[in-house]
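I opened the notebook with one residue in mind and worked outwards from there. These entries record what I looked up, in the order in which I looked.

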Amino acid sequence: MSARFAFEMFAYGVLAPALVAAVASCLARRVLPAATAARHAGAFAFSAGVCAGYALLPEWAPWIPERHWHWLPYLAIGAAVVGPIALAEGVGWFERWMLLVPLAIVASWLLVPRWPNLDPPRTTLVPAVAGYFFLLAVLLDGLPDRVPGRMLPGALFVSAAVVATVILDQASVSLARAAGLSACALGGIAAAFGRRATAMELRGLVPAFATIVGGMAFAGCIEPTEPLFALLLIPAAPLALWFLAWGPLRGSVTTRATLARGTLFVLALIVGAAAIYA
Amino acid sequence: MIPLRSLLPVLLCLWFAGCSKAPGGAPSGSGTAEAAANENGAGVNGAGAEESRTILLTPENAKIRFVGKHMKEDPDPNPRTGAFRKLSGKAEVDEAAKSLEAVSVEFQTDSLSTGIDKLDTHLKNEDFFDVRQYPTAKFESTRITPVEGKEGEYHVVGNLTLLKGTKEVSFPATISFENGFALEGELKIDRTEYGMDRLQDSVRKEVEITVEIAEKK
């Protein structure tokens, strides 16, 4: 790897999306009214970080999409709009879910490639991938109220980072660079939010995470001629935190509770990685 | 009455016209050196249709290999060599004239193999051969000319379609008919001309391609 390439990777692929996301989340918190900021800050910051990083990618990542995954920045913007709207006051859980359905379908429609040798075929993959995005968003949506502190933003960041790493190892350098943007944006948000991340901020972020990190995982898994569907388990690893969402550890911020959550999450990642590399 | 003398030029014209074209449109040229060569099936590339033979190209009798090199060191101490395991095509040869008339080959890019699984995966992805989007590549000759004074050596010109680009390429080829038809050729392409433009900092844009055909009789 040349020094120029390494610099590009670090400055444009890591620093830029992380910084932009961190600054955007701080700005949103400072500028917007508290209730609006709570819904929009996370999603807006994530979308800003991903789009800024995408803009800095070389010419193989154009704004006029030529490949399926080139839709990701647009989907990030779409998810950043839909996610907070779904959390607006007066919107019940059913309406919220109904707002996530079209997002999942559109994302799936755009992200499932139209390759001649796609197997399973597009007619199977579009509904399956839409279902994956929807389920991921819905299941993650309940976690912020039950998992306090930095654990959830940290878990989202680590999951995205593992997705990018596996794509680098198993699929494509270019795709990994694109996937790395979402990880770095989430890292920036996690750093900026610190311990003060509210459940509402994280819930606003969840649809964007499900669409973009889930979408990158899908793009990465479908790239090899023998698809690596197990990669789809990695963005779902934070769901392991549901096991401690009830009982005495619910909402607990003790070291013991944090360690237990961390261990569960890491175990889920290990299971996902084992499924990929088995 | 028209004098016979005045009809003579007309008759001569008719006679020449009748001789210049055979019924099938092929030059007849009887009584010329060219015709003699054609009838013997020697000397003229593409002559003597009855002597032409089509050889079907398969992975058993044809090999397409490529060599990619890293940027780090020059010369690269560890160049990567790969081959395509699935291909089909045909070579049209004139046995009598011992000449190659045309060659075309289509290969499945997802059949590439370097012997290193991980490298195969990376070469198949969108950074390089992008086999999902472009599962086939092909070469079709457009012009094949013998090199003057060098028996068995030809200059092959044709169109190479790889990824989203089709470019005219030319390369020297050596052919022989000793134990069946055999061809060896080598060409260099600039991968970026075909849209394979990623990772130029680490992998050189020049790619060497060798073509070998060895018909077993």
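Entry 1, the loop. I began with B:E95, which I found in the loop between strand 4 and strand 5 of chain B; strands here are DSSP runs of E of at least two residues and helices are runs of H or I of at least four, both numbered from the N terminus. The model is a predicted one, in which local features need pLDDT of at least 70 and side-chain atom pairs count only at pLDDT 80 or more, while totals for chains, interfaces and linings use all residues. Residues are numbered from 1 along each chain as its sequence is written, and chains are lettered from A and ligands numbered from 1 in the order in which they are written.

I noted B:E95 as partly exposed because it has 13 C-beta neighbours inside 10 Å, where 20 or more would make a residue buried and 12 or fewer exposed, with C-beta atoms placed from the backbone. Setting aside neighbours within four places in sequence, I listed B:E51, B:R53 and B:F177 as the contacts of B:E95, a contact being two C-beta atoms, placed from the backbone, within 7 Å. I also looked up the C-alpha separation of B:E95 and B:S111, which is 32 Å for 16 residues along the chain.

Entry 2, the hairpins. Strand 4 (residues 87–94) and strand 5 (residues 99–108) of chain B run antiparallel and are joined by 8 bridges, pairing being counted where DSSP finds at least two bridges between strands. Within strand 5 of chain B, I read B:V103 as standing opposite B:A91 and B:A102 as standing opposite B:E92. The two strands form a hairpin with 4 residues between them, and B:K98 in the turn has a positive phi of about 50 degrees.

I then followed strand 7 (residues 136–146) of chain B, which is joined to strand 5 of chain B by 5 antiparallel bridges, with B:F139 opposite B:V105. Strand 7 and strand 8 of chain B form a further hairpin, with 6 residues between them and a positive phi of about 80 degrees at B:G149 in the turn.

Entry 3, the whole sheet. I asked myself which strands stand at the edges. The open sheet of chain B has 11 strands in the order 1-4-5-7-8-9-10-11-2-3-6, with antiparallel pairing. Strand 1 (52–57) and strand 6 (112–113) of chain B each have a single partner strand, so one side of each is left without a neighbour in the sheet.

Entry 4, the helices of chain A. I turned to helix 5 (residues 122–141) and helix 8 (residues 199–222) of chain A, whose axes come within 9 Å and cross at roughly 145 degrees; axes are lines fitted to C-alpha atoms over the stretch in contact, and angles run from 0 to 180 degrees between N-to-C directions. The residues of this contact divide into 11 nonpolar, 2 polar and 2 charged.

Entry 5, the cores. The largest nonpolar core has 100 residues, and A:F133 and A:V163 are among those that touch the most other members; such a core is a set of buried Ala, Val, Leu, Ile, Met, Phe, Trp, Tyr and Cys residues joined through C-beta atoms within 7 Å. Helix 8 of chain A gives the most to this core, with 15 residues. I recorded a second, separate core of 32 residues, which includes B:F84 and B:I144.

How values were computed:
Ala, Val, Leu, Ile, Met, Phe, Trp, Tyr, Cys and Pro count as nonpolar, Asp, Glu, Lys and Arg as charged, and the others, Gly among them, as polar.
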